[in-house]
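Open the model in your viewer and keep the selection box at hand. The stops below take you through it one selection at a time.

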Amino acid sequence: MSEQLADLRRRMAEISDLGSLGALLFWDQQTMMPPGGAPARAEAAATLARVFHARETSPDLGALLDALEPWAAEQDPDSDDARLVWWARRDYEKAVRVPEDLAAELTRAKALGQQAWIEARAAADFSLFRDALARQVDLRHRYIACFDGFEHPYDALLDDFEPGLTTAELRPLFAELRDALVPLVSAAGDVEQERNAGAFKGEFDVVTQKLAVLDVLGALGYDPDRWRLDPTLHPFASGIAPDDVRLTTRYDEHDFAVALYSALHEFGHGLYEAGSDRALWRTTLDDPVSLGVHESQSRLWENMVGRSRAFCAWLLPRLNATVPGAVAGLDTAGLYHAVNTVQPSLVRTEADETTYNLHIILRFELELALMDGSLGVDDLPAAWDEGMDRLLGVQVPGPVEGVLQDVHWSAGLMGYFPTYTLGNLIGAQLWDRLRDDLADVDAQIERGEFAPLREWLREHVHRHGRKFPPRELLRRITGEELRVDPFLRYLREKLADAGVLATAT
Ligand code: ZN
C-alpha cells in the first residue's frame, strides 16, 4: 500500500501546485497585469484549468482510490492518510460526474454572463442581463442533475462551497436570524447616518494609508518575509503557499475605513491560508475547508476584534500618529460607537455588521425561489425591491443599486452567498469558545498582544486545513452544531455596550 499511497500523494502534490499557479495568475491579474494582458491571460488560465481538470479526473486516480479505500478503512479515521483518501475521492467524484461538454458550457456561460452583466449595469437595464441569467439558472439545473444523493436540488450547489451543508438545515437558521435582525435593525438603525458615523473621513493619500495599514497588520502578525499587501478594486486574499500570502486592499482617498477594515478582513483570510500544518502542505488537505469557515476567520478579525472596545482603545493612539485627522476628536468610546453604528442601506458590500446578513438572507431566498421555479427570472427585479423594503425598509431606486449590484449570479455562483452569513455565525461560535479559553483576551488586545489570539485560532482551526469537514470541525472545537443565538447575543451585547442600542433587547 505504501507505493500506492506515495502515488496518491504525488498526484495530490501536482494538483496542489496547479492550484497554486491558478491562484498566482488570478492574483497577478487583479493587481499587477496591464489591461492589454487580458486576452493572453485568459488563454493561459484556460490551459491551466484544462490541465488541472485532466489531473483531477484521471482514470488512473480513480483506480488508485479504488485500491486504497479498503486499506484506508482500516486506518485511524483521524489520520492524515485516511482523510486524504476521503477528500481525494470526494474531489474526484465531483469532477468526473460533470460531462466535459457541460463543463465547457459552464465556463463559456460565465464569461458571457459577466459581459452581459457589465453591459446591463452600464445601461442600468436588467433586461440586458435577463437571458444570461436565465441561461445560468438552466445550467445550474443541468449541473445539479449530474449528482445524486442530495435531498434538495440546492444542496448540490451549497455543497460546492460548504461541504455537507443542507437546505433543510439552512432554511430555519436563516429564518430565525431574519426574524431577530429585522426588529433589531429597526431599533438600532438610522438610514440617514453616515457609515461609521463619519469617522475616518477626510483627505488621506494612498502612501499614508498603506503605511498605517501595514503598521496595524504588522502588530497583528503580518510577516513581511511571507506576506504582501497590494491595492486592487475588489479586495481578496490569496494563499499561494503557506509562506506566500497575498493580501489586497482598496484605498479610498476620502475614507480610511475602507482600506483599514478590508485589510483586517483579508488578514483573517490570510492567517487561515498560512496556518495549516506543515505535514499537510501540497496534499490538497492544506486548503481551507469551506468558504463559511474561511469567512468566519475574516469576520472575526474585521468585526469581533476590529470593532471591539479593546481594539478601539489600542487603535486610537496609533491612528492619531499614523493617519492624523482620521479619528480626530474621538475618544475610545466615541470610536467604538462610530464603528458599530447601524445604517440600513442598498449595497451589500457597504453594509454594516448588523444589516449585512439581511442582504445575504434576501439573496438566499431569491436563489431558492429561482431554483425551485417559484420565481421566474423576469420577476426577479420586483422580488428584489420588495425584499429590500421588507427586510431593511429601504426603497431601491434602480437596478444598479438593486438586483444588478453583485457579480456572483452572472458567473453562475449560486449557493455561494449563504457562506458569508455562515462566516458570521461560525465566527461567533468560535469567539464564544475562544473567550472561554482566553479569559484575558480583551486586556491582551488592548495591550496589542495578539499572539495568544492568533495561536488559539491556529491550534483550533487553521492547522487542520480541510482535514475535518466544516460540521465536524465546528463540533470538535465548540461541541455544537451551527447556531444563530451566539451571533445574536454577541451583536446585541455589543450594540448596547457601544451605546448604539438604548438597552439590550
Ligand atoms: Zn471574505
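Select N196. This is a predicted model, and N196 counts as buried because its relative accessibility is 9%, under the 20% limit. N196 sits in the loop between helix 8 (167-188) and helix 9 (206-220). Check its backbone: phi is near 50°, a positive value in a residue other than glycine.

Now jump to R282. What is the sign of phi at R282? Phi is positive there, near 60°, and again the residue is not a glycine. R282 lies in the loop between helix 10 and helix 11. Is R282 buried or partly exposed? With a relative accessibility of 44%, R282 counts as partly exposed.

**The zinc site**

Stay with those two helices and display the zinc ion. Which residues coordinate the zinc ion? Show the side chains of H265, H269 and E295. The two histidines each offer NE2, while E295 offers OE, at 2.1 to 2.3 Å. Along the chain, the donors of the zinc ion follow the spacing H-x3-H-x25-E. Color the two helices to see what the site joins. H265 belongs to helix 10 (residues 256-274) and E295 to helix 11 (residues 291-305), so this pair ties together parts that are 30 residues apart in sequence. Turn on the surface: H265 and E295 are both buried.

**Two cysteines**

Select C146 next. Its relative accessible area is 15%, so C146 is buried. Move on to C312. C312 is buried as well, because its relative accessibility is 0%. How many disulfides are there? The count comes to 0, with a pair of cysteine sulfur atoms required to lie within 2.5 Å.

**Helix 3 against helix 4**

Select residues 59-73 for helix 3 and residues 80-96 for helix 4. The two pack at an angle of about 140°, and their axes are 10 Å apart. Their crossing is left-handed. Show side chains to see the contact. Helix 3 contributes P59, L61, G62, L65, D66, L68, E69, W71 and A72. From helix 4 come D81, A82, V85, A88, R89 and Y92. By class, this contact of helix 3 with helix 4 has 10 nonpolar, 1 polar and 4 charged residues.

**Helix 16 against helix 18**

Now take residues 418-437, helix 16, together with residues 451-460, helix 18. Here the axes come within 11 Å and cross at roughly 120°. What is the hand of the crossing of helix 16 and helix 18? It is right-handed. On helix 16, pick L430, W431, R433, L434 and D437. Opposite them in the contact are L453, W456, L457 and H460 of helix 18. The residues of this contact of helix 16 with helix 18 divide into 6 nonpolar, 1 polar and 2 charged.

**Last stop: A498**

Select A498, in the segment after helix 20 (485-497). Is A498 buried or exposed? A498 counts as buried because its relative accessibility is 8%. Add L335 and draw a C-alpha to C-alpha distance: the two residues are 9.2 Å apart in space, yet 163 residues apart in sequence. Which residues does A498 touch, leaving out those up to four places away in sequence? Show Y336, H337 and N340 to see these contacts of A498.

Technical notes:
Residues are numbered from 1 along each chain as its sequence is written. This is a predicted model: local features need pLDDT of at least 70, side-chain atom pairs count only at pLDDT 80 or more; totals for chains, interfaces and linings use all residues. Side-chain values use heavy atoms; hydrogens and water are left out. Axes are lines fitted to C-alpha atoms, for helices over the stretch in contact, and angles run from 0 to 180 degrees between N-to-C directions. Helices (H or I, at least four residues) and strands (E, at least two) are DSSP runs, numbered from the N terminus. A crossing is left-handed if the near helix is turned anticlockwise from the far one by less than a right angle, and right-handed if clockwise. Contact means heavy atoms within 4.5 Å. Ala, Val, Leu, Ile, Met, Phe, Trp, Tyr, Cys and Pro count as nonpolar, Asp, Glu, Lys and Arg as charged, and the others, Gly among them, as polar. Donors are N, O and S atoms within 2.8 Å of the metal (3.2 Å for Na, K and Ca); water is not among the atoms, so sites may look incomplete. Buried means under 20% relative accessible area, exposed over 50%, partly exposed in between (1.4 Å probe, protein chains only).
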